[in-house]
Amino acid sequence: MTSNKSSLEPPGLSPESTTGQAFGQAEPTEQPDPPKHSRRTILAAVGAFALLGTATTVLGGSLLNPPSSTEDGDFSGETLEFLIPLASGGGTDTWARFIGTELTNYVPGRPGFAPVNEAGGEGILGTNRFARSAKTDGTEILVGTASTVVPWVLGRSAVKYSFEDLKPVVVNGTGGVIYARAEAGVAGVQDLINRDRPLEFGGISATGLDITTLVAFDLLEADVTSTFGFEGRGPVNLALQRGEIDLDYQTTSAYGSAVAGIVKEGKAVVLMSFGQLNDAGDVVRDPNFPDVPTVAEAYETLHGKKPSGEKFEAYKTLLGLTYTYQKGLWVPEETPGKAYELLRQSSEKLGTDPAFQEKASKVLGGYPLVADTGVADRVRDAYTVSSSVRSYVTGLLASKYNIHVE
């Protein structure tokens with residue numbers, strides 16, 4: 001027998017029994033069965049769901065997956081989170097906090113700024129995390145630097161990220177020079193070869209920024225041996241002044257304080273600059289060292305011809321990665337085009353503002369923020385590392401420095 005009692009029966013009271021009903025509680029009033037749906041009503045409901053499904057398909061699922069709020073040309077209410085994969089207080093951290101603080105003033109909606117340091121594994125751990133879980137709406141931004149690029153170039157097993165899966169918003173370069181201790185018998189680049197005793201280079205790590213210098217020495221066929229393990233370029237500079245090593249390099253930002261004085265005193269000799277890559281991928285003189293020959297020019301002086309071959313290709317690749325495009329802001333490749341363009345255009349406005357340029361002269365070392373419409377393509381080319389370049393670099397480390405990349 002079918003019960004006609006309402007489905008709104010008090011909790012715990014079975015429709016089939018009133019045993020244990022509270023004293024004085026009235027019997028539930030019987031309710032009629034709900035009317036049966038007509039065939040017309042059922043067909044109308046089915047049609048409505050079909051229409052919804054069609055609309056969802058036609059609109060690319062936008063009804064169920066609405067566009068990111070950052071695609072409307074306004075970042076108001078948002079926060080730009082910069083993932084800095086290195087410790088606070090260093091050069092990359094200083095750069096990122098300066099750029100982030102300034103950039104948010106140019107992004108429509110004036111978003112907040114949240115720098116997040118996630119140090120560990122020479123920058124690898126934080127970059128791995130970003131690649132694995134960063135939001136793709138343009139609000140989470142990776143700060144990239146040579147410290148995280150070189151391990152990727154070397155194919156280290158700890159690296160779980162690829163710059164081929166990221167898109168550059170803005171990049172900024174630096175430069176540097178290689179210099180020698182005068183008392184080591186060095187007056188110019190010609191004294192790098194055919195020596196009775198090799199010159200000693202002071203390094204931090206062969207698998208870090210030093211790699212570009214090591215490849216330069218190999219390209220030039222210089223008579224050089226290396227000692228690694230210094231805590232920074234400052235200690236290397238002091239070791240050179242004490243006569244413990246003969247060769248060092250310094251980046252542009254440190255040149256004035258570390259090198260210019262001892263060059264003026266005749267204690268050191270600037271041999272060459274690393275140079276810069278131009279838009280065509282050629283090595284040109286560094287604008288901060290216009291009178292200093294580049295590594296490529298030093299090769300011509302030593303060997304009477306222009307450099308070419310795998311060693312030179314490796315040098316140009318590393319020059320782009322570690323100097324010309326040393327630092328940058330990156331977002332996941334899946335970031336919506338409108339959100340990406342908003343960030344890029346805001347960065348371009350920032351970089352071309354004379355007031356910012358004046359303020360940034362010390363922090364950026366005179367190298368421009370690059371965020372024009374072609375930046376993604378140029379950086380993509382620079383960050384395309386061939387298997388032959390990787391093979392040469394890892395082979396050099398193994399054969400000459402007994403360093404085997406894991």
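Is Glu118 buried, partly exposed or exposed? The relative accessibility of Glu118 is 25%, and the residue therefore counts as partly exposed. The points below take up this residue and others in what is a predicted model.

1. Overall composition. The chain contains 14 helices and 13 strands. Of its 406 residues, 47% are buried. The exposed surface amounts to about 20,100 Å², with carbon and sulfur atoms supplying 53% of that area. When contacts between residues at least 6 apart in sequence are considered, 76% of them join residues at least 24 apart.

2. The salt bridge of Glu118. The search returns 19 salt bridges. One of them pairs Glu118 with Arg129, and the closest N and O atoms are 3.3 Å apart. Arg129 belongs to helix 3, whereas Glu118 lies in the loop between strand 2 and helix 3, so the bridge ties together parts that are 11 residues apart in sequence. Arg129 has a relative accessible area of 19% and is buried. The cut-off matters here, because buried means under 20% relative accessible area. Side chains of opposite charge can pair when their charged atoms come close.

3. The salt bridge of Asp246 and Arg181. In this pair the closest N and O atoms are 2.6 Å apart. The bridge links distant parts of the chain: Arg181 is in strand 5 (residues 176–181), Asp246 is in the loop between helix 6 and strand 8 (247–251), and 65 residues separate the two. Asp246 and Arg181 are both buried.

4. A salt bridge within one helix. Glu341 and Arg344 form a salt bridge at 3.0 Å, N to O. The two residues lie in helix 11 (residues 337–352) and are 3 residues apart, about one turn of the helix. Glu341, at 28% relative accessibility, counts as partly exposed. Arg344, at 4% relative accessibility, counts as buried. Elsewhere, salt bridges with shared partners join Arg181, Arg197 and Asp246 into one network.

5. Aromatic pairs. Over the whole structure, 14 aromatic pairs are found. One of these is formed by Phe228 and Tyr401, which meet edge-to-face with 5.8 Å centre to centre and 75° between the planes. The pair links distant parts of the chain, 173 residues apart: Phe228 is in the loop between strand 7 (224–227) and helix 6 (233–241), and Tyr401 is in helix 14 (residues 387–401). Phe228 counts as partly exposed at 28% relative accessibility, whereas Tyr401 is buried with a relative accessible area of 16%. In addition, Trp152, Tyr161, Phe163, Trp330 and Tyr383 form one aromatic cluster.

6. Charges over rings. Two residues with charged side chains are placed over tyrosine rings. Lys167 lies over the face of Tyr340, 4.2 Å from the ring centre. The charged end of Arg233 sits over the ring of Tyr249, at 3.9 Å from its centre.

7. Nonpolar cores. The largest nonpolar core has 93 residues, of which Leu192, Leu329 and Tyr383 touch the most other members. Tyr383 is also a member of the aromatic cluster named in point 5. With neighbours within four places in sequence left aside, the contacts of Leu329 include Phe82, Trp95, Ile99, Leu103 and Ile141. Lys167, the residue placed over Tyr340, is likewise in contact with Leu329. Another core lies apart from the largest one and has 15 residues, among them Val177, Tyr179, Leu240 and Val292.

8. Positive phi values. Which residues other than glycine have a positive phi? Two examples are Glu122 and Asn402. Most residues other than glycine have a negative phi. For Glu122 the phi value is near 60°. Glu122 is located in the loop between strand 2 (112–117) and helix 3 (124–133), and this residue is partly exposed, with a relative accessible area of 43%. For Asn402 phi is about 55°. Asn402 is placed in the segment after helix 14, and at 59% relative accessibility this residue counts as exposed.

Conventions:
Residues are numbered from 1 along each chain as its sequence is written. This is a predicted model: local features need pLDDT of at least 70, side-chain atom pairs count only at pLDDT 80 or more; totals for chains, interfaces and linings use all residues. Side-chain values use heavy atoms; hydrogens and water are left out. Rings of Phe, Tyr and Trp (its six-membered ring) pair if their centres lie within 6.5 Å; planes under 30 degrees apart count as stacked, over 60 as edge-to-face and the rest as tilted. Helices (H or I, at least four residues) and strands (E, at least two) are DSSP runs, numbered from the N terminus. Buried means under 20% relative accessible area, exposed over 50%, partly exposed in between (1.4 Å probe, protein chains only). A charge sits over a ring if NZ of Lys or CZ of Arg is within 6 Å of the ring centre and within 35 degrees of the ring normal. A nonpolar core is a set of buried Ala, Val, Leu, Ile, Met, Phe, Trp, Tyr and Cys residues joined through side-chain atoms within 4.5 Å. Contact means heavy atoms within 4.5 Å. A salt bridge is a side-chain nitrogen of Lys or Arg within 4 Å of a carboxyl oxygen of Asp or Glu. Accessible areas come from the Shrake-Rupley method with a 1.4 Å probe; for residues, only the protein chains shown count as cover.
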